[in-house]
Amino acid sequence: MTGSLTLTPLGGITPLPRGEGLTSGAEYDLGALGDAGTDWVRSHSPRLRERLATDGLILLHGLSADGDGVGGFHDVVRSVGGDLLRYTERSTPRSVVTGNIYTSTEYPADQPIPMHNENSYALSWPSAVYFFCHTAPGTGGATPVADSRAVLDLIPAEVRERFAKGVIYTRTFRADMGLSWQEAFQTEDRADVERHCRTHGQEFSWDGEVLRTRHHRPATAVDPGTGAEVWFNQAHLFHISSLEPDLREVLLETYGEDGLPRNALLGDGSPIPDADLAAIRAAYDRASLALPWRQGDIMLVSNMRMAHGREPYTGERRILVAMT
């Protein structure tokens, strides 16, 4: 889809296409601007915002960084996207770096993170996700992206039909397994959790300190930047089949299917066939574009247009995240 990219010069910088075929993006090399790179972003933020909406993926390379680069990252995000969002209704562990800038998902380095659109399981989600390469990994560790339009097109019609009624997400929050409800909802007050669930269309129940939730969301959405229908859910990631077989067996034996930390069903409440999940994962794999990180890179991702994930890695990889 490289031909659909906006490759006209912007402020004297001609973007370069990155990727070919189903997923592609535009890279702006700002190295020649030296310390003026952040000013360039600020001056051209309205156009960058427009191009992010239509192109879906922008990579900024060569920005000069003061100190650890976090302040410059914040300036870029704020210039392009406005106020940074808090990470709420969490499904993965992250740490606060400063303000609303977070570490990327803190999973073991030898495990991949499946493709997903941020918070697509929730009633609201960020319009854009921003990644900053503070420390590049030794090997691997790319943040692959996949065009959600292409993913939808690649999923067989009969699978899309079974998802026509959407997805049901179930979660069980325990202090000793996965995220506690305190961490997921960022509160110590049960009343806050219950208020959130009611206003976001979620069923909930308590069993002592254990919280169970269940809610329904569509499987697709319309991307406002292009008007195209996109695959927009996390059924394959929430589903028990996303876990390693040994861990899956232990969880099922210990808690049963109704007590899993998270799981997904078809919108009518029936199980999702294994073959359907395999077809969805294959679509993500086929559409995936993985660009190696270089220290100081900032990647801007339209959250509805592009899913993202993480490759396994070695070394000290540190990628920071912000959302608007």
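Contact is taken here to mean heavy atoms within 4.5 Å, and it is in this sense that helix H3 (residues 70–81) lies across S3, S4, S5, S7, S17 and strand S20 (318–323), running at about 165° to S7. The structure described is a predicted model. According to the unreviewed UniProt entry, an annotation "domain: TauD/TfdA-like" covers residues 33–323. Over residues 33–323 the chain is 30% helix and 27% strand, with the end C-alpha atoms 26 Å apart.

The strands crossed by H3 belong to an open sheet of 8 strands, which has the order S1-S2-S3-S17-S7-S20-S5-S4 and mixed pairing. Strands S1 and S4 (96–98) each have a single partner strand and stand at the edges, so that one side of each is left without a neighbour in the sheet. On average, and with direction ignored, neighbouring strands of this sheet are turned by 30° against each other. Strands of a sheet pair through backbone hydrogen bonds, in either the parallel or the antiparallel sense.

Both senses are found around strand S2 (residues 25–29), which pairs with strand S1 (residues 16–18) in the antiparallel sense over 3 bridges and with strand S3 (residues 57–61) in the parallel sense over 4 bridges. On the S1 side, Arg18 stands opposite Gly25 in S2, while on the S3 side Tyr28 stands opposite Leu60. The hairpin of S1 and S2 has 6 residues between the strands, and in this hairpin Gly19 takes a positive phi near 90°. Strand S2 is mostly covered, with 4 of its 5 residues buried. Helix H2 (residues 45–55) lies across S2 as well as S3, strand S7 (128–135) and strand S17 (298–302), and runs at about 130° to S3. As regards the edge strand S4, 2 bridges join S4 to strand S5 (residues 101–103) in an antiparallel arrangement, and Val96 stands opposite Tyr102 in S5.

Aromatic side chains were examined next, and the count comes to 10 aromatic pairs. In one of these, the rings of Tyr169 and Phe238 have their centres 5.0 Å apart and their planes at 70°; since planes over 60 degrees apart count as edge-to-face, the pair is assigned to that class. Tyr169 lies in strand S10 (residues 167–173) and Phe238 in helix H8 (residues 235–238), so the pair ties together parts that are 69 residues apart in sequence. Tyr169 and Phe238 are both buried. A second edge-to-face pair is formed by Trp181 and Trp206, with 5.3 Å from centre to centre and 85° between the planes. Because Trp181 lies in helix H6 (residues 181–185) and Trp206 in strand S11 (residues 203–207), this pair ties together parts that are 25 residues apart in sequence. With a relative accessibility of 3%, Trp181 counts as buried, whereas Trp206, at 23%, counts as partly exposed.

Ring pairs also link Tyr121 with Tyr169 and Phe238 into a cluster. The charged end of Arg262 sits over the ring of Phe238, 5.0 Å from the ring centre. Elsewhere, Arg94 lies over the face of Tyr87, at 4.3 Å from the centre of the ring.

Val193, which lies in helix H7 (residues 190–199), is buried, with a relative accessible area of 1%. When its neighbours within four places in sequence are left aside, Val193 is in contact with Trp181, Phe185, Thr187, Trp206 and Leu211. The contacts of Val193 thus include both Trp181 and Trp206, the two residues of the edge-to-face pair with 85° between the planes. By contrast, the C-alpha atoms of Val193 and Ser127, which are 66 residues apart along the chain, are separated by 24 Å.

Backbone geometry was considered last. Most residues other than glycine have a negative phi. Glu89, although not a glycine, has a positive phi of about 45°; this residue lies in the loop between H3 and S4 and counts as buried, at 5% relative accessibility. Asn119, likewise not a glycine, has a positive phi of about 55° and is found in the loop between strand S6 (113–116) and S7. The relative accessible area of Asn119 is 6%, and under the cut-off of 20% Asn119 is therefore buried.

Definitions and conventions. Residues numbered from 1 in each chain as written. Predicted model: local features only at pLDDT ≥ 70, side-chain atom pairs only at ≥ 80, totals over all residues. Heavy atoms only, no water. UniProt positions renumbered as here; feature names shortened; annotations may be inferred. Buried < 20%, exposed > 50% of the residue type's maximum accessible area, 1.4 Å probe, protein only. Pairing = 2+ DSSP bridges. Phe/Tyr/Trp six-rings, centres within 6.5 Å; stacked < 30°, edge-to-face > 60°. Lys NZ or Arg CZ within 6 Å of the ring centre and 35° of its normal. Axes fitted to C-alpha atoms, helices over the stretch in contact; angles between N-to-C directions.
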